Amino acid sequence: ATTNVRASIPQSMLSKATYTVSLTVTNFLGESDSSSTTFTIDDNPNLPMTNILGPAVVTMFPGTTLTLFTATTRASCADTASTLSFSWTVTKDGVVQALPSTSTDPTKFRLSAYSLDPSSVYTIDFQATSSATSTLAEISGHDTVTVQIINGAVFAVVSGGYNRLLSTVDPFTLDASSSYDENYPTGSSLSTLSYSWSCSILTSSQFGQSCASILSGLNTTASSITIIST
């Protein structure tokens with residue numbers, strides 16, 4: 001149906017099943033976007049109704065700590081003898097990952113920075129299970145969130161600042177070892193930065209000319225160079 005009025009569906013019209021409801025929103029320019037939600041109708045009053053709070057898709061950098069909060073409710077007529085338990089599952093490309101939550105609260109999910117690979121998409125599933133009772137079977141409810149890990153930036157850092165006054169007599173060192181890749185923690189063996197040095201003259205009479213022939217130490221891929229006067 002097409003409408004700008006909130007739609008209500010009488011629960012009496014919904015039988016025991018899982019439903020997907022889709023929504024398309026269109027503006028007067030004809031631009032549109034769609035979303036969908038899935039819900040289950042069950043006659044077991046112990047069915048947990050779970051929700052991972054926040055957006056369905058989370059986008060973050062590898063160096064960000066991931067924290068997810070949830071809410072779980074049950075019908076007022078749920079059997080008080082039925083207890084709730086909680087579990088989390090992380091998958092990447094359909095494969096379950098060994099990434100347990102570091103939170104002591106089973107209803108929260110937390111992963112330390114750099115736990116997830118850059119340029120990757122993960123699905124995190126939260127499941128709440130009501131235990132069986134003498135009259136009702138065990139039943140579970142769940143919710144999922146998609147976590148997209150985008151590439152961090154690479155930062156070139158030269159110690160001592162970007163504008164320095166140096167002597168023509170004393171040797172000096174340009175050290176770029178503090179440069180870093182946001183995708184990996186400092187000192188990680190996975191961070192393999194390469195270094196390339198260049199030099200140009202800024203004095204007006206020689207502006208723009210290369211000084212690589214003068215500063216022979218530039219011909220290196222090392223993270224630091226030392227210039228010795230001759």
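Strand β4 has two faces: V58 and M60 lie on the covered one, while V57 and T59 lie on the uncovered one. Strands here, like helices, are DSSP runs numbered from the N terminus (E over at least two residues for a strand, H or I over at least four for a helix). Before going further, please keep in mind that this is a predicted model, in which local features need pLDDT of at least 70 and side-chain atom pairs count only at pLDDT 80 or more, while totals for chains, interfaces and linings use all residues. Residues are numbered from 1 along each chain as its sequence is written, and side-chain values use heavy atoms, with hydrogens and water left out.

Let us follow β4 to its partner. β4 and β11 run parallel and are joined by four bridges; two strands are said to pair if DSSP finds at least two bridges between them. Within this pair, V58 stands opposite V147 of β11. On to the next pair: β10 and β11 are antiparallel, with eleven bridges between them, and here V121 stands opposite Q148 in β11. Both pairs belong to an open sheet of five strands, ordered β4-β11-β10-β7-β8 with mixed pairing. Its edges are formed by β4 and β8 (95-96), each of which pairs on one side only.

Now for the packing. The largest nonpolar core has 17 residues, and L66, L68, F109, L116, I124 and V147 have the most contacts inside it. A nonpolar core here is a set of buried Ala, Val, Leu, Ile, Met, Phe, Trp, Tyr and Cys residues joined through side-chain atoms within 4.5 Å. "Buried" stands for under 20% relative accessible area, "exposed" for over 50%, and "partly exposed" for what falls in between, using a 1.4 Å probe and protein chains only. Two or more residues of this core come from each of β4 (57-60), β5 (66-68), β7 (84-92), β9 (109-111), β10 (120-130) and β11 (139-149). Another core, of six residues, lies apart from it and includes A176, Y195, W197 and I225.

L68 gives a good view of the larger core's surroundings. Leaving aside neighbours within four places in sequence, L68 is in contact (heavy atoms within 4.5 Å) with I52, W88, T107, K108, F109, I124 and V145. A little further along the chain, T70 lies in strand β6 (residues 70-73). With 15% relative accessibility, T70 counts as buried. Not counting residues up to four places away in sequence, T70 touches N51, I52, L53, W88, T107 and F126. With T107 there is also a polar link: a polar atom of the T70 side chain lies 2.6 Å from the backbone oxygen of T107.

The loops of the sheet offer a contrast. D93 sits in the loop between β7 and β8 and is exposed, at 71% relative accessible area. D93 and P55 are 38 residues apart in sequence, and their C-alpha atoms are 21 Å apart in space. A132 is found in the loop between β10 and β11, where it is partly exposed with a relative accessible area of 46%. Not counting residues up to four places away in sequence, A132 touches A137 and E138. P10 is 122 residues from A132 along the chain, and 29 Å separates their C-alpha atoms.

Where does the chain lie largely in the open? Strand β1 (residues 17-26) does so, because the number buried among its ten residues is zero. Ten bridges join β1 to strand β2 (residues 32-41), and the two run antiparallel. V21 has T37 of β2 as its bridge partner. The hairpin of β1 and β2 has five residues between the strands, and in it G30 takes a positive phi near 85°.

Finally, step back to the whole protein chain, which has zero helices and 15 strands. Its radius of gyration is 29 Å, well over the 17 Å that the globule rule gives for 230 residues, so the chain is more spread out than a compact globule. That radius is taken over C-alpha atoms, and the rule is 2.2 Å times the number of residues to the power 0.38. Along its principal axes, the C-alpha trace spans about 90 × 50 × 25 Å. Buried residues make up 24% of the 230 residues. Among contacts between residues at least 6 apart in sequence, 58% join residues at least 24 apart.

How values were computed: Polar contact = N/O pair within 3.5 Å; in protein donor to acceptor, adjacent residues only side chain to side chain.
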